[in-house]
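Good morning, colleagues. I should like to speak about side-chain contacts, and I ask you to keep the sequence and the structure in view as we proceed.

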Amino acid sequence: MGSDQEAVRSLLPNEAFLEDADVNASARAPRPSPSTSHPWLGALALALVLALSGCSAFSRAVKEGDVASQEQKWAEAEAAYLRALAADPEASEVKVKLGKVRQAWSEVVLEEARAVHASGDLDGAMKRLVRALELNADNAPARELLGATLDARVAAGNVALKAERLQDARTEFDAVLSVAPDHAAARRGVDGVQVAWARRWFGTGEGLEKAGKLGNALVAYVRADQERVGATAARERAEAVRQKLRDEVAFLVVASPVEDRAGAPDVAQRLAAGRLAAMLPTQLPLRVVTEAPAGREGVSLDLSLERVLPLQVVEESQRTQRYLAGNRSVPNPRRGGFETQLLKAERTLEDVERKQAAALREYLRLQAELSMVRVAAERCRERERRQCREALQECGDAAREASKPGELPSECNPSRCDTKACVAEEVLLVAKAAASLEKEKALEAALEKAEGQRTAVQRHRDATFREPITVEEPMYSDFVFDVQLHRLTVTASVTAVMRDLLKEQQVPAPNTQDYAVMHEDTAHKGYDRYGVLADPVQLRNELELRVEVGDKAVSDVARRVKERFDAYRGKRVQDARRGMVRPGAEDVVETAVRALLLTADAPPQDILQPLGRARGLNRPESLVGL
């Protein structure tokens, strides 16, 4: 161990190097470990390092700012002072220097603004004055000059407004409002520009309307109304032009008087032109008229009421009503389930006990065999010991009788006591003991399983005996009673002939449809004893069903007319879509506006949006009155 200590000491720095050999014993004294030194010393050193580095960055930034300020490099000086404040936000002297730099910079920018203002560049002067006020909000000369500049721009905007240079005027007013949102003169100027735009677009619309370009006129009126609501009568004129366009593109349905062949005027009047018009959508240019000008799109509709057949049928049938007749005792189904589980558990217990008995018999058999093998092994060992004792006695006798001292007689051979005659018995004894141990474990497992199964049987037996043998259940009976089904059906046969107005020579194709309305109700007597309440018949009136069947017929006719209208407007929409490659052209606008009026219920966006962008509409939906 001493050599190990010397080897360890030889690894120490004061003994491993020659230049440290003369170090005294005090130098070799153990130094305190960092864990045993004061913990606040490390934190204090780290704080000092950070403070020194921060002070270095702060002082360097202040020096750079001072140099840039002396050289009148205001942007660099401001950036340097801002870096210094980032290092030390509480440095009041740096804040003072930054304020002075910004004041000086503001004066420089103000001088530039004055020079630019003198040259007539009001926009450049305004931008520089805004910058000067951003640097120094207390710069009164800059604020005063900015006010004069804004007034000058408003005056320039008014001059442009009077000269009808509306875009230039709006640019001047918007620039002033971007700096001073509350400038009253600029707001009045914007209002004036909007009114002027509205009047200009209104005049354009009037010219287009006189020229017969109603689609373009409608767009111009809508644009005038969006520029300034109420400045002109654009909204009223737009509605009038929209109505003219609707009349022009309207799909006409020429409905002749209904021919009543069934002699049912109450049903025939439900098929009149007024009812048909009420069934059609009102926001679309789809009109029901009695006469139509030549060359108009539409259909001619002839309706004839062939027959009205009311039919009332009464059907007899029977129904059953279940009622409680009493109670009766029945075997308890829960007890039956418990008994089944108990029987199953008892059968399982019998199997377990049978296996337990077999394991016990096997264990006892092996125990008997083990006893026999053990007795045989003991006898063999006793025989070996007896033979060995006899050999030893013969050896002693022979040694005493030996003639030569020191000579070993033949009777003293050690092999006589080293026999292996009992090896087989011992091996068999070990095998029988191991087999007996295994059977003992199997017997113990069988005993535990049998005990657990007996406990389960007892639990099932307790649950079975706690459950009653019988229970009471309700007994129901069925009461049969007579029911009458009353059914009233009104059937109307209507023949419709629909011809295209532009194809007068076409062969008419009559279409006869049967429309049926049915109402039914049941009636039976009341039997309070069995809980059957009386239900008298409550059929609807035949007049109500006749009115309903007429409405059903006219609704189907309106659906077929709407299908014709959809085919008509689909062609107009396809024509408008083909022209969307140049949505600002006058002919394209005419076609597109008419297609939009035909699709007022759901205007196609691929036509509406390009048209609105081409004509500068904020809400293109206004074209169709939405």
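A salt bridge, in the sense used here, is a side-chain nitrogen of Lys or Arg within 4 Å of a carboxyl oxygen of Asp or Glu. Please bear in mind throughout that this is a predicted model.

With that definition, let us turn to Asp397 and Arg400. Their side chains meet in a salt bridge, with an N to O distance of 2.1 Å, and because 2.1 Å is within 4 Å, the pair satisfies the definition. Asp397 and Arg400 are three residues apart in helix α14, so about one helical turn separates them. Asp397 is partly exposed, at a relative accessible area of 29%, whereas Arg400 counts as exposed, at 64%. Elsewhere, salt bridges that share partners join Asp123, Lys127, Arg153 and Glu172 into one network.

How many salt bridges does the count give? The count comes to 59 salt bridges. One of them is formed by the side chains of Arg83 and Glu64, at 2.5 Å from N to O. Arg83 belongs to helix α4 (residues 74-87) and Glu64 to helix α3 (residues 39-70), so this salt bridge ties together parts that are 19 residues apart in sequence. Both partners have intermediate accessibility: Arg83 is partly exposed at 43%, and Glu64 is partly exposed at 38%.

Next, I would draw your attention to Arg200. Its salt-bridge partner is Glu164, with the closest N and O atoms 3.3 Å apart. Arg200 lies in helix α9 (residues 184-210), while Glu164 lies in the loop between α7 (140-162) and α8 (166-179), so the pair ties together parts that are 36 residues apart in sequence. Arg200 is partly exposed, with 33% relative accessibility, and Glu164 is partly exposed as well, with 46%. Arg200 also has an aromatic contact: its charged end sits over the ring of Trp197, 5.1 Å from the ring centre. Another such contact involves Arg131, whose charged end sits over the ring of Trp105 at 4.9 Å from its centre.

I come now to the aromatic pairs, for which the count is eight. Among them, Phe479 and Tyr530 are stacked, with 4.0 Å between the ring centres and 10° between the planes. Where in the chain do Phe479 and Tyr530 lie? Phe479 is in strand β5 (residues 470-500), and Tyr530 is in the loop between β6 (511-523) and α16 (542-578); the pair thus links distant parts of the chain, 51 residues apart. Phe479 and Tyr530 are both buried. They also belong to a cluster, in which ring pairs link Tyr323, Phe479, Phe481, Tyr527 and Tyr530.

Finally, the covalent link. The count comes to one disulfide, formed by Cys380 and Cys422, with the sulfur atoms 1.6 Å apart. Cys380 lies in helix α14 (residues 333-400), and Cys422 lies in the loop between α14 and α15 (423-466), so the disulfide ties together parts that are 42 residues apart in sequence. Is this disulfide left-handed or right-handed? The torsion about the S-S bond is about -100°, so the disulfide is left-handed. Cys380 is buried, with a relative accessible area of 2%, and Cys422 is buried, with 3%.

Helix α14 therefore appears twice in this account, as the helix of Cys380 and as the helix that holds both Asp397 and Arg400. Thank you for your attention.

Terms used. Residues numbered from 1 in each chain as written. Predicted model: local features only at pLDDT ≥ 70, side-chain atom pairs only at ≥ 80, totals over all residues. Heavy atoms only, no water. Phe/Tyr/Trp six-rings, centres within 6.5 Å; stacked < 30°, edge-to-face > 60°. Helix = DSSP H or I, 4+ residues; strand = E, 2+ residues; numbered from the N terminus. Buried < 20%, exposed > 50% of the residue type's maximum accessible area, 1.4 Å probe, protein only. Lys NZ or Arg CZ within 6 Å of the ring centre and 35° of its normal. Disulfide = S-S within 2.5 Å.
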